[in-house]
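Please look over the chain below before reading on. The report then takes its helices, core, ligand shell and loops in turn.

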Amino acid sequence: MASASPNLYSFPNSNALAESLRVYVLRAQNSALSRHESFRLAVSGGSLPAVLAKALLAPGNGSPEDTPQFSKWHIFFADERAVPLDHEESNYRLLKDELVAKIPAELGSPVIHPIDEKHVHDDDPQELADLYQEDLMREFAAKDSVKLPVFDLILLGCGPDGHTCSLFPGHDLLREKDAWVAPETNSPKPPPKRITLTLPVVTHAVNIAFVATGAGKKEILKQIFDLEEGSSLPSALVNQGAGEKVSWFTDHPAVDGVAFSRRGSL
Ligand SMILES: O=C(O)[C@H](O)[C@@H](O)[C@H](O)[C@H](O)COP(=O)(O)O
């Protein structure tokens with residue numbers, strides 16, 4: 001269990017949130033590129049890709065620190081649905097439509113790591129998960145054998161039941177210790193078959209950020225941040241496992257009634 005608390009930020013509107021998220025992501029990029037040649041991140045589906053696009057496609061101030069170097073980005077999926085890549089429920093398609101297709105040519109193109117489409121119709125998504133894990137191993141463990149990949153940044157959403165990635169409350173998958181990527185066959189959020197990064201991989205990242213906005217999130221955020229009964233929720237387990245490495249980007253309606261101390265700027 002990590003000792004220090006996560007950072008909870010709350011902003012008055014989506015523009016203010018996107019501005020700070022841009023600063024945060026580009027700090028993570030610049031720090032990663034000072035350590036190695038690429039910026040390796042994982043992103044979720046849901047509302048996140050659109051917020052990320054708003055943050056990253058905004059005109060910056062032109063300085064090197066404020067410029068996304070997309071050609072050095074390797075983008076993985078924190079979770080993905082077992083559907084073809086052009087399916088309307090695909091997180092790959094969502095990210096492509098919301099962000100990747102809109103990146104101006106002069107900023108370069110990221111390397112995207114999709115799931116293996118050949119296995120999306122398998123009855124059991126185990127093979128899909130194993131192949132995705134192999135992709136991660138090629139990227140993170142090519143030279144040395146590493147126990148866990150170290151993403152520079154993982155960007156997550158939080159569902160109204162407290163799920164994150166495709167890690168759902170009460171599912172056995174929350175106890176997974178060895179696999180980097182695991183199958184989920186019974187997701188309460190459709191579609192039921194998915195693959196997901198496991199909790200040890202998420203909490204091992206250098207930085208982890210959640211984006212959660214709107215009044216629909218306030219009950220679950222109260223449970224996650226203030227109440228003992230919320231402590232076993234997947235998003236709360238990320239807070240406990242990664243502590244101060246975790247930053248939450250919320251708007252005021254999402255944290256209305258939440259007692260945990262929050263800040264209005266990075
Ligand atoms: O593919 C998925 O279903 C997502 O990765 C999922 O974990 C999402 O991030 C949350 O459900 C929050 O979604 P919203 O941001 O849309 O509330």
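What follows is a short account of contacts, burial and local backbone features.

The model is a predicted one.

**The ligand shell**

The ligand is surrounded by 14 residues. Ser44, Gly45, Gly46, Ser47 and Gly157 are the closest of them. By class, the shell holds 9 polar, 3 nonpolar and 2 charged residues.

Gly45 also appears in another contact. Leu94 touches Gly45 and Pro49, once neighbours within four places in sequence are left aside. Leu94 belongs to helix H3, residues 91-98. Is Leu94 buried or exposed? Leu94 is buried, because 21 other C-beta atoms lie within 10 Å and the cut-off is 20 or more.

**Helices H1 and H2**

Helix H1 covers residues 14-35, and helix H2 covers residues 48-56. Their axes come within 8 Å. The crossing angle is roughly 75°. Angles of 65 to 115 degrees count as roughly perpendicular, so H1 and H2 are roughly perpendicular to each other.

Which residues make this contact? From H1 come Ser14, Ala18, Leu21, Arg22 and Val25. From H2 come Val51, Lys54, Ala55 and Leu56. The contact divides into 6 nonpolar, 1 polar and 2 charged residues.

Ser31 is also part of H1. Ser31 has 14 C-beta neighbours inside 10 Å and counts as partly exposed. Along the chain, Ser31 and Asp152 are 121 residues apart. In space, their C-alpha atoms are 8.6 Å apart.

**The nonpolar core**

The largest nonpolar core has 76 residues. Which members touch the most others? They are Leu41, Val43, Ile154 and Leu155. H1 supplies the largest share of this core, with 8 residues. In soluble globular proteins, nonpolar side chains tend to be buried together.

Leu41 has contacts beyond four places in sequence with Trp73 and Ile75. Further along the chain, Leu41 touches Phe151, Asp152, Leu153, Ile154 and Leu155. Two of these partners, Ile154 and Leu155, are themselves among the core members with the most contacts to other members. Asp152 is thus a partner of Leu41, and its C-alpha atom is 8.6 Å from that of Ser31.

**Separation in sequence and in space**

Four residue pairs are set out here, with both kinds of separation.

| Pair | Apart along the chain | C-alpha to C-alpha |
|---|---|---|
| Val120 and Val43 | 77 residues | 19 Å |
| Leu94 and Leu48 | 46 residues | 9.6 Å |
| Val238 and Leu199 | 39 residues | 7.1 Å |
| Ser31 and Asp152 | 121 residues | 8.6 Å |

**Val238 and Val120**

Val238 sits in helix H7, residues 234-242. Val238 counts as buried, with 27 C-beta neighbours inside 10 Å. Which residues does Val238 contact, leaving aside neighbours within four places in sequence? They are Thr164, Val202, Thr203, Ile208 and Val246.

Val120 lies in a loop, between strand E5 (111-112) and helix H4 (126-140). Val120 is partly exposed, with 19 other C-beta atoms within 10 Å. Buried status needs 20 or more, so a count of 19 leaves Val120 partly exposed. Not counting residues up to four places away in sequence, Val120 touches Ala82, Val83, Pro84, Ile115 and Leu128. Among these partners, Leu128 falls within the span given for H4.

**Backbone features in two loops**

Cys165 is found in the loop between strand E6 (153-156) and strand E7. Its phi is near 50°. That is a positive value in a residue other than glycine. Is Cys165 buried or exposed? Cys165 is buried, with 30 other C-beta atoms within 10 Å.

The next loop feature is a proline pair. The peptide bond from Pro190 to Pro191 is cis, with omega near -5°. Pro191 is placed in the loop between strand E7 (181-184) and strand E8 (194-197). E7 thus borders the loop of Cys165 and the loop of Pro191.

Note on methods:
Residues are numbered from 1 along each chain as its sequence is written. This is a predicted model: local features need pLDDT of at least 70, side-chain atom pairs count only at pLDDT 80 or more; totals for chains, interfaces and linings use all residues. A residue is near a molecule or strand if its C-beta atom, placed from the backbone, lies within 6 Å of it. Ala, Val, Leu, Ile, Met, Phe, Trp, Tyr, Cys and Pro count as nonpolar, Asp, Glu, Lys and Arg as charged, and the others, Gly among them, as polar. Axes are lines fitted to C-alpha atoms, for helices over the stretch in contact, and angles run from 0 to 180 degrees between N-to-C directions. Helices (H or I, at least four residues) and strands (E, at least two) are DSSP runs, numbered from the N terminus. Angles under 35 degrees count as roughly parallel, over 145 as roughly antiparallel, 65 to 115 as roughly perpendicular and the rest as oblique. Two residues are in contact if their C-beta atoms, placed from the backbone, lie within 7 Å. A residue is buried if 20 or more other C-beta atoms lie within 10 Å of its own, exposed if 12 or fewer, and partly exposed in between; C-beta atoms are placed from the backbone. A nonpolar core is a set of buried Ala, Val, Leu, Ile, Met, Phe, Trp, Tyr and Cys residues joined through C-beta atoms within 7 Å.
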